[in-house]
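Work through the exercises below with the sequence and the 3D structure open. Each task is followed by a solution in steps.

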Amino acid sequence: MTDSLDLLVLGNAIVDVIARTDDAFLAKEGIARGAMTLIDEPRAETLFQAMGPATIVSGGSGANTAVGAAMLGAKTGFVGRVRDDELGQLFRHDLKATGVAYDVPAATDGPATARCFVLVTPDGERTMSTYLGACQGLGPDDIHKETVASARVVYLEGYLWDPPAAKEAFRKAAEIAHRSGNAVALTLSDAFCVGRYRDEFLELIRDGSIDILFANLGELKSLYQTEDEEAAVAALRDERNGRGMHMLGLVTRSEKGALVVHGGQAREVAASPVEHVVDTTGAGDLFAAGFLAGHARGLDHLTSARLGTVAAAEVIQHIGARPQADLVMLAREQGLL
Ligand SMILES: OC[C@H]1O[C@H](O)[C@H](O)[C@@H]1O
């Protein structure tokens, strides 16, 4: 992976096992609605047995972003760890088939490729239970200086804070990116994930490790420990890193669209029209994909955010977190490309 890249994504390499469900099932299984909960292998097995008919499709938050960005023309690479099993092969195939460069070797022993059991309720809300498996093998040795240095933006999943060695990979990649004059983006991933690592995320933001932050309102409220949306956005708007600089913040707000927070201002971008919400899995991932692809094309922040809303609108109208339509065509229809 030595050619120059627009975007290098570090993320948990996960295959999604998706089934429709109802609130009674979530309550019976004691699963927190709308959140991502980590589970161990025995729990993964019992949950799989208990859930309804499943669709198996590649996922992983960062990998979804990598695929969306590649579909929109960004030269993209991915770093994440699978096992040499069937799900690992599926994951690798689906990344490469969309043009994402991915050459991290599969683990030949240890835990199986990660699975995320995604339960989708009739309102389209997704509730996730993740067995991290082989993702836990990702570490600093998987970060290659030349590859990271060649990427204009390095994008990191907040979920990488869960497997212990991955956060070292994350820190190493961020340092190399900055030494090479490139930008580092972070997604906060999930409100509960922020709850687990709030202090560390705030430190990354404030010590200048992060240039571009993606969050939804729930994650932002968790970061700033407030129930008030406006207060959370104001806190991000006023945030400055150790060099006294404002970060670029992208805040997704479901049907209300997104906010571009920069230079002490928060500007609104409307949501793209959606006929019917089927499955919200991957909405934030595809927003980030659209934004980063726009950024790579040299579009301004607001237009890039609009591209994000187009990609997000596509992915929530079907099951699964990978786009099924031609994103470039959808963006052209909106006059964005
Ligand atoms: O953001 C959605 C993704 O989060 C989890 O990582 C699942 O794999 C899913 O595809």
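A polar contact is a pair of N or O atoms within 3.5 Å. The model is predicted: local features need pLDDT of at least 70, side-chain atom pairs count only at pLDDT 80 or more, and totals for chains, interfaces and linings use all residues. Residues are numbered from 1 along each chain as its sequence is written, and side-chain values use heavy atoms, with hydrogens and water left out.

**Exercise 1.** Find polar contacts of the ligand with Asp285, Asp16 and Ser61.

Solution.
- Step 1: an N or O atom in the side chain of Asp285 is 2.6 Å from an oxygen atom of the ligand.
- Step 2: for the side chain of Asp16, the distance from an N or O atom to a ligand oxygen is 2.5 Å.
- Step 3: at Ser61 a polar backbone atom is 3.4 Å from an oxygen atom of the ligand.

**Exercise 2.** How much of the ligand's exposed area does the protein bury?

Solution.
- Step 1: accessible areas come from the Shrake-Rupley method with a 1.4 Å probe.
- Step 2: the ligand taken alone exposes 280 Å².
- Step 3: the protein buries 96% of that.

**Exercise 3.** How do the axes of H3 and H10 cross?

Solution.
- Step 1: helices are DSSP runs (H or I, at least four residues), and axes are lines fitted to C-alpha atoms.
- Step 2: the axes of H3 and H10 (residues 283-296) come within 8 Å and cross at roughly 40°.
- Step 3: angles under 35 degrees count as roughly parallel, over 145 as roughly antiparallel, 65 to 115 as roughly perpendicular and the rest as oblique; H3 and H10 are therefore oblique to each other.

Methods
A polar contact is a pair of N or O atoms within 3.5 Å; within protein, one must be able to donate a hydrogen and the other to accept it, and residues adjacent in sequence count only if both atoms are side-chain atoms. Axes are lines fitted to C-alpha atoms, for helices over the stretch in contact, and angles run from 0 to 180 degrees between N-to-C directions. Helices (H or I, at least four residues) and strands (E, at least two) are DSSP runs, numbered from the N terminus.
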